[in-house]
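Visitor: I'd like to know what stands behind the labels people put on a model like this one. Can we go through them one by one?

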Amino acid sequence: IAGRIGKYLAINITGKELRENEERLRVITESALEAIILIDPNGEILYWNQAAERIIGYQKDEALGKNLHKLIVPDRYHEAHHAAFPEFVKTGRGDVIDKTIELEARHKDGHEIIVELCISKIWIDNGWYAVGFLRDITKKKQAIESLRDSELKYRNLIERINDVIYTTDKEANITFVSPSIEKLLEYSPEEIIGKNFINFIGESSQHLLKRFEDIQVKTELQNEYLIPSKSGIPHWIRFSSKAIFVDGIFQGVTGVLIDVTEKKLIELELQKSESLYRSILQASPDTIFIADLEGRVLFTSPMALIMFGYENTEFPINSPLFDFVDPKDHEKARDAIRQMFEGKYSGATEYMGVKSDGSKFDMEVNGEFIRDADGQPTRMVFVARDISDRKLAEKKLRMSESLYKSVLDASPDTITITDLTGQ
């Protein structure tokens with residue numbers, strides 16, 4: 001475009017030929033998206049196209065004949081211009097000639113815009129003229145800055161979080177991994193990037209390879225695997241992965257690795273504890289009730305079926321505890337629970353229990369709270385024991401003692417009992 005402008009203007013800048021070619025020049029320049037500005041050796045504007053009107057804000061009649069630098073160049077650039085422009089007028093040379101530069105220009109309303117400027121020289125009528133092609137890149141620069149800020153925030157985020165962010169290509173080669181991988185598995189990102197993830201996952205490799213194939217169909221997966229660190233220490237790692245598709249074509253996987261070793265070990269210990277707890281419940285000769293704070297049964301040990309006569313039917317979970325206590329003992333039971341809430345230990349208490357068929361038996365019950373980590377009650381646990389045989393033995397003992405005392409009291413003889421030493 002600069003060459004064509006030069007061709008037309010070189011004929012005679014004030015002559016008839018220029019006027020005759022003006023229409024062709026207008027077609028070339030007015031269709032351009034960039035502002036096209038022509039200045040003479042005095043720095044005055046000779047040409048100003050429609051894009052210049054749109055970008056800079058001045059209409060053509062406002063700009064023609066004005067000094068370009070005074071019109072649109074911010075004051076901070078004037079000193080450099082005054083130092084360089086005389087050399088351009090004299091030789092056609094300059095630091096910015098035939099180069100593309102970025103700088104700020106002043107809009108008509110006073111605000112500054114960022115422009116990309118390319119300046120070419122043209123020899124016209126024994127003098128050096130300059131034609132500039134100017135593009136408003138303000139939004140582009142703002143988008144780049146926003147992208148740079150976003151990338152910086154993202155980089156800072158992934159470098160600081162404990163979880164590991166990773167991406168792979170469609171062949172499962174690792175294309176990115178965040179620095180936290182070193183803390184997790186002792187490998188630096190440089191040791192991992194470019195290698196296939198199968199190389200780092202030990203005995204879980206075949207299963208993970210199958211999951212890599214599955215994710216291309218299911219698109220999102222989450223699994224936990226035992227992965228060895230660089231030094232061989234096993235870690236439980238949760239893989240949360242999502243497939244990457246571009247135009248419907250599988251490109252790879254991105255996801256997060258979370259160290260769940262501590263949680264997993266707690267779960268394993270909990271499983272052991274629950275297994276032990278279940279064994280104790282199964283083996284206990286007593287009935288163990290777990291109830292909510294309202295007194296409704298949530299769980300019972302197997303012995304409850306025998307003690308309360310439910311061998312042939314299901315135990316009524318969610319029933320009130322008082323359904324299994326004789327109504328005559330309800331107030332005593334309420335008082336015992338009340339003392340539990342007041343923090344008083346009442347010890348084992350005897351009640352009359354009620355079986356499924358309505359028959360009654362003697363039982364001894366002891367209660368306590370199950371508490372959360374803050375010490376607050378969440379459940380109640382009661383241990384009940386059938387003491388019918390004991391109560392019967394106690395009754396027989398009392399009868400025997402009564403009979404023995406009656407015999408002694410009725411005897412006309414003196415009866416003396418001594419130990420083996422004669423005492």
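Guide: Let's begin with the word strand, since we'll need it for the cavity: strands are DSSP runs of E at least two residues long, numbered from the N terminus. Keep in mind that this is a predicted model. With that in hand, strand 8 gives the most to the lining of the largest cavity, five residues.

Visitor: Why is the largest cavity called a cavity?

Guide: A cavity is a set of grid points where a 1.4 Å probe fits but cannot get out, so a space that goes by that name is one the probe can't leave. The whole structure has one cavity of 30 Å³ or more, and the largest cavity holds about 370 Å³.

Visitor: Which residues lie nearest the centre of the largest cavity?

Guide: Tyr166, Phe197, Leu208, Phe239 and Leu257, out of 24 lining residues. Strand 6, strand 7 (174–177), helix 8 (181–185), helix 10 (205–218), strand 8 (220–228), strand 9 and strand 10 each put at least two residues into that lining.

Visitor: What makes up the lining of the largest cavity, by class?

Guide: There are 19 nonpolar, four polar and one charged residues.

Visitor: Let's turn to strand 6. How do you know that threonine 168 is buried?

Guide: Buried means under 20% relative accessible area. Threonine 168 comes in at 5%, so buried is the right word. The residue is found in strand 6, which covers residues 164–169.

Visitor: Which residues does threonine 168 touch, leaving out those up to four places away in sequence?

Guide: Asn173, Ile174, Thr175, Phe212, Gln251, Gly252 and Val253.

Visitor: What about the opposite label? Why is aspartate 98 called exposed?

Guide: The cut-off for exposed is over 50%. Aspartate 98 has a relative accessible area of 52%, so it counts as exposed. Look for aspartate 98 in the loop between helix 6 and strand 3.

Visitor: And why is aspartate 247 called exposed?

Guide: Aspartate 247 has a relative accessible area of 77%, so the label exposed applies here too. Aspartate 247 is in the loop between strand 9 (234–246) and strand 10 (249–259).

Visitor: What makes the backbone worth a look at those two aspartates?

Guide: Most residues other than glycine have a negative phi. Aspartate 98 has a positive phi, near 60°, and aspartate 247 has a positive one as well, near 55°.

Visitor: How do you know that alanine 283 is exposed?

Guide: Its relative accessible area is 62%, and exposed means over 50%, so alanine 283 is exposed. Alanine 283 lies in helix 11, residues 261–283. From alanine 283 to histidine 82 is 101 Å, C-alpha to C-alpha, with their positions 201 residues apart in sequence.

Visitor: On to the open spaces. What makes something a pocket here?

Guide: A pocket is an open set of points, with protein on both sides within 12 Å along at least five of seven lines. The largest pocket contains about 640 Å³ of space. Its lining has 29 residues, and His69, His81, Val96, Leu117 and Ile119 are the ones nearest the centre.

Visitor: Which element gives the most to the lining of the largest pocket?

Guide: Helix 6, with five residues. By class, that lining has 22 nonpolar, four polar and three charged residues.

Visitor: What is the volume of the second largest pocket?

Guide: About 360 Å³. Of the 26 residues lining the second largest pocket, Ile337, Met340, Val365, Gly367 and Phe382 are closest to its centre. Strand 14 supplies the largest share of this lining, seven residues. The classes here are 17 nonpolar, six polar and three charged.

Visitor: Last one. Why is a group of residues called a nonpolar core?

Guide: The members must be buried residues from a set list, Ala, Val, Leu, Ile, Met, Phe, Trp, Tyr and Cys, joined through side-chain atoms within 4.5 Å, so a group that fits gets the name. The largest nonpolar core has 26 residues, and Ile45, Trp48, Ile56 and Ile72 have the most contacts inside it. Strand 4 gives the largest share of this core, four residues. Another core, of 25 residues, lies apart from it and includes Ala172, Ile174, Ile201 and Ile215.

Definitions and conventions: Residues numbered from 1 in each chain as written. Predicted model: local features only at pLDDT ≥ 70, side-chain atom pairs only at ≥ 80, totals over all residues. Heavy atoms only, no water. Buried < 20%, exposed > 50% of the residue type's maximum accessible area, 1.4 Å probe, protein only. Contact = heavy atoms within 4.5 Å. 1 Å grid on protein atoms, 1.4 Å probe; cavity = no way out; pocket = protein on both sides within 12 Å on 5 of 7 lines; lining within 4 Å. Points joined across faces, edges and corners; volume = space filled by probe spheres on them. Nonpolar A, V, L, I, M, F, W, Y, C, P; charged D, E, K, R; others polar.
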